[in-house]
Amino acid sequence: GVRVRRNYSISSGSSAPGARRIEITVRRVPGGRVSTALHRLRRGASVGLDLPAGDFVLDPDSDRRLLVAGGSGITPIRAMLRDLAAASDREAATARDRAPASHSAPASAHVVVVHVARSAHDAIFAAELASLATRLPWLHVHAWRDDRGGRLDTAALHALVPDLADRETFVCGPPGLIDLVSTAASSVGAGHRVHHERFVVTAPATTIAAATIQLLRSDTTVVADGAGSLLVQLERAGQRPAHGCRMGICNTCRCRKRTGTVEDLTTGAVSSEPDQDIRLCVSVARSDLALDL
Amino acid sequence: MLSSNIVAPNTHADPATRAAPVDAAATHAAQVAPRVDSPRAGQPQGTSRALSPAEVDAFGRELDALRQATVADLGQRDVDHIRSMIRLVRYTETGGRALLHFGIGPLTFAVGVTALAAAKILENMEVGHNVMHGQYDWTGDPALDSRRYEWDIVCDGDHWRHSHNYEHHTFTNILGRDRDVGYGFLRVSARQPWKPLHLVQPFGAVLLALMFQWGVALHDLHIDETLTGRQSFATLRRRARPFLHKAGWQLAKDYVVFPALALANAPRVALGNLLANGIRNLWTFAIIFCGHFPEGVQLYDEAATADERRGGWYLRQLHGSANLTGSRAFHIFTGHLSHQIEHHLFPDLPASRYPELAPQVREICARYGQTYHTGSLAKQLGSVAKQILRNALPTAA
């Protein structure tokens with residue numbers, strides 16, 4: 001009965017067959033609230049959707065691309081590939097009408113995909129990528145499995161993609177992978193050509209010495225120590241947030257936390273998901289925060 | 001939001017800094033020993049054992065654990081319950097209004113009034129009051145959002161959230177801090193100073209019962225303070241603005257728009273709405289007065305609660321409230337305020353959980369030797385009436 005919000009990449013691409021349909025690909029996280037619920041979803045259930053957002057989109061003008069996917073980061077990469085494949089199919093069809101040539105690589109597309117996964121078992125869409133690669137001559141897919149080759153490093157990436165410097169690079173995956181690709185591209189002077197999509201990783205609740213609290217509505221930033229309640233911290237910094245009982249009963253100080261982790265002192269409950277409501281008078285910061293105040 | 005309404009600076013310590021070590025045993029024990037304030041002290045209901053500070057803390061921890069277990073269990077059935085209540089309100093209100101608008105004769109009128117009154121009671125008590133406490137905020141459903149919900153009563157939602165959720169639930173039964181004790185003009189305990197005006201309070205109480213929604217609506221305006229010169233007219237005017245806005249809407253809805261829609265049946269509809277509002281007033285008055293003013297319920301001095309910790313707050317909620325016995329339907333029609341004790345211990349837990357929590361709360365209270373006030377509606381109403389009559393006369397504390 002709880003409404004929870006998550007961001008998922010559209011994995012179907014914009015020109016997917018039956019364009020009225022949107023596909024998302026959800027990896028089930030053990031103990032994950034939303035991913036588990038989505039996997040148990042029955043036909044006919046209602047799911048609320050918000051407008052799509054983000055700037056991780058293909059650059060239409062580049063002719064050589066590198067797509068790097070790590071783990072479930074394959075989902076937007078797959079969408080991009082499908083778009084490229086569909087464009088190539090259309091070009092091939094028009095070309096066939098004029099002269100019976102087969103699937104030639106469109107001049108605009110030479111694509112290398114590096115698909116990183118922990119093991120073959122963990123690799124989402126591996127079979128689909130392989131069949132695309134067989135069908136499309138302009139597509140090269142490198143399947144990197146950590147359990148066989150160890151962790152991908154810059155040397156290995158350069159070996160897989162010797163012309164990294166000439167490519168527009170799109171990477172989606174865990175922060176480590178994004179850093180690795182950025183470093184590798186920067187070393188050959190192509191750092192500015194790396195586009196990435198980061199996953200939000202929830203931080204564990206650990207006591208911290210100081211936290212920066214961003215107050216979004218008043219556009220101010222307050223530095224708090226990790227001990228007292230947020231209400232006290234804010235008041236100490238000269239803020240006057242609405243409040244009442246100061247003991248977690250009356251709900252007057254409830255406000256929307258946009259990002260960050262807090263702990264409820266009365267219950268020990270940790271809130272690390274974005275866009276959750278918290279009560280200032282009984283919450284302490286466990287990371288930097290952004291609040292709707 | 002509410003910030004402009006909050007005038008009383010809050011002197012309570014922050015909970016983080018509040019966890020003082022257990023010490024000062026003697027004074028603390030004296031503080032938490034409940035006072036039996038009825039002149040007939042010693043009757044079976046009134047005697048709770050005085051607890052040591054360590055026991056008070058342990059008592060608080062047990063209730064905290066109970067709260068935690070319930071929070072962990074919240075889910076679909078709680079949402080199903082409140083949504084079915086919202087549907088029930090819609091159906092009964094639509095049905096009631098239809099009978100008033102299109103019905104002919106006294107029978108459809110009576111049924112229509114009853115249905116509309118039932119809808120208003122359910123909306124105010126089981127839906128509005130509970131949603132506005134934040135009992136369903138965990139669902140993230142905008143229709144169940146405590147800060148946005150506005151109920152079908154002349155009282156403005158933000159006024160209620162301030163005077164009730166904050167003042168009454170934080171300072172429950174503290175003389176001078178909880179303005180719900182006698183609503184500023186009734187003497188419900190011998191510990192309140194007697195004034196000659198109290199001689200007519202039985203009539204005042206009847207008037208309040210009939211006009212209860214107006215009493216609730218005016219509560220956060222602090223009119224009494226303006227009358228005695230403690231609040232300026234300008235402040236009163238500022239405070240009155242949301243009330244006038246809300247009350248204007250309500251009056252227009254019940255006595256202009258709906259009657260106008262009924263054309264020739266306009267007088268019937270206006271009268272029906274008036275009666276439905278009146279029935280709702282009497283019922284809510286009865287339930288709420290039975291929750292805090294029967295004999296045996298404790299009042300507290302502000303000084304004695306100054307360094308109260310969580311366990312002490314729980315004890316005060318327990319001894320400041322009284323339950324009503326009855327069927328499941330009765331509990332629902334009281335908005336589960338028939339479980340006033342559980343409501344005061346856990347104001348932000350879904351009220352439909354109170355009947356399950358009650359036996360566990362009672363068991364904890366029994367182990368700590370604490371009285372758990374409960375009785376039938378008839379018995380508690382009689383007790384409240386007796387309190388109001390007896391305290392109209394200058395009796396000593």
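## Terms and model

A residue counts as buried when its relative accessible area is under 20%, as exposed when that value is over 50%, and as partly exposed in between. By this rule Lys253(B), with a relative accessible area of 24%, is partly exposed. The model described here is a predicted one, and the values below are computed from it.

## Chain A as a whole

Chain A is built with 7 helices and 13 strands, and its C-alpha trace spans about 80 × 50 × 35 Å along the principal axes. Of the 293 residues in chain A, 43% count as buried. Among the contacts of chain A whose separation is 6 or more, 63% are made by residues 24 or more positions apart.

The accessible surface of chain A amounts to about 15,400 Å², and 52% of this area belongs to carbon and sulfur atoms. Chain A also carries 36 positive and 30 negative charges, and the mean positions of these two groups are 8 Å apart.

## Nonpolar cores

In soluble globular proteins, nonpolar side chains tend to be buried together. In this structure the largest nonpolar core has 46 residues, of which Val127(B), Phe212(B) and Phe289(B) touch the most other members. Several helices of chain B each supply at least two residues of this core, including helix 4 (76-102), helix 10 (233-261), helix 11 (266-292) and helix 16 (377-390). Helix 5 of chain B gives the most, with 6 residues.

Which residues does Phe289(B) touch, if those up to four places away in sequence are not counted? They are Tyr183(B), Leu186(B), Leu208(B), Phe212(B), Pro294(B), Val384(B) and Ile388(B). Apart from the largest core lies another, of 31 residues, and among its members are Cys250(A), Leu51(B), Ile364(B) and Tyr372(B).

## Salt bridges within each chain

Side chains of opposite charge can pair when their charged atoms come close. Over all chains, the structure holds 47 salt bridges. In one of these, Arg258(A) pairs with Asp292(A), and the closest N and O atoms are 2.7 Å apart. This pair links distant parts of the chain, since Arg258(A) belongs to strand 8 (residues 254-259) of chain A while Asp292(A) lies in the segment after strand 13 (289-291), 34 residues apart. Arg258(A) has 28% relative accessibility and therefore counts as partly exposed, whereas Asp292(A), at 16%, counts as buried.

In chain B, the side chains of Asp348(B) and Arg67(B) meet in a salt bridge with an N to O distance of 2.9 Å. Asp348(B) lies in the loop between helix 14 (340-345) and helix 15 (354-367), and Arg67(B) lies in helix 3 (residues 53-73), so the pair ties together parts that are 281 residues apart in sequence. Asp348(B) is buried at a relative accessible area of 13%, and Arg67(B) is buried at 9%.

Another salt bridge joins the side chains of Asp152(B) and Lys253(B), at 2.9 Å from N to O. Here too distant parts of the chain are linked, with Asp152(B) in the loop between helix 5 and helix 6 (157-170) of chain B and Lys253(B) in helix 10, 101 residues apart. Is Asp152(B) buried or exposed? With a relative accessible area of 9%, Asp152(B) is buried, while its partner Lys253(B) is partly exposed.

## A network across two chains

Salt bridges also form a network, in which Arg254(A), Arg256(A) and Asp277(A) of chain A are linked with Asp137(B), Asp145(B) and Arg148(B) of chain B.

Conventions: Residues are numbered from 1 along each chain as its sequence is written. Chains are lettered from A and ligands numbered from 1 in the order in which they are written. This is a predicted model: local features need pLDDT of at least 70, side-chain atom pairs count only at pLDDT 80 or more; totals for chains, interfaces and linings use all residues. Side-chain values use heavy atoms; hydrogens and water are left out. A nonpolar core is a set of buried Ala, Val, Leu, Ile, Met, Phe, Trp, Tyr and Cys residues joined through side-chain atoms within 4.5 Å. Buried means under 20% relative accessible area, exposed over 50%, partly exposed in between (1.4 Å probe, protein chains only). Helices (H or I, at least four residues) and strands (E, at least two) are DSSP runs, numbered from the N terminus. Contact means heavy atoms within 4.5 Å. Accessible areas come from the Shrake-Rupley method with a 1.4 Å probe; for residues, only the protein chains shown count as cover. Lys and Arg count as positive and Asp and Glu as negative; His and the chain ends are not counted. The place of a charge is taken as NZ of Lys, CZ of Arg, CG of Asp or CD of Glu. A salt bridge is a side-chain nitrogen of Lys or Arg within 4 Å of a carboxyl oxygen of Asp or Glu.
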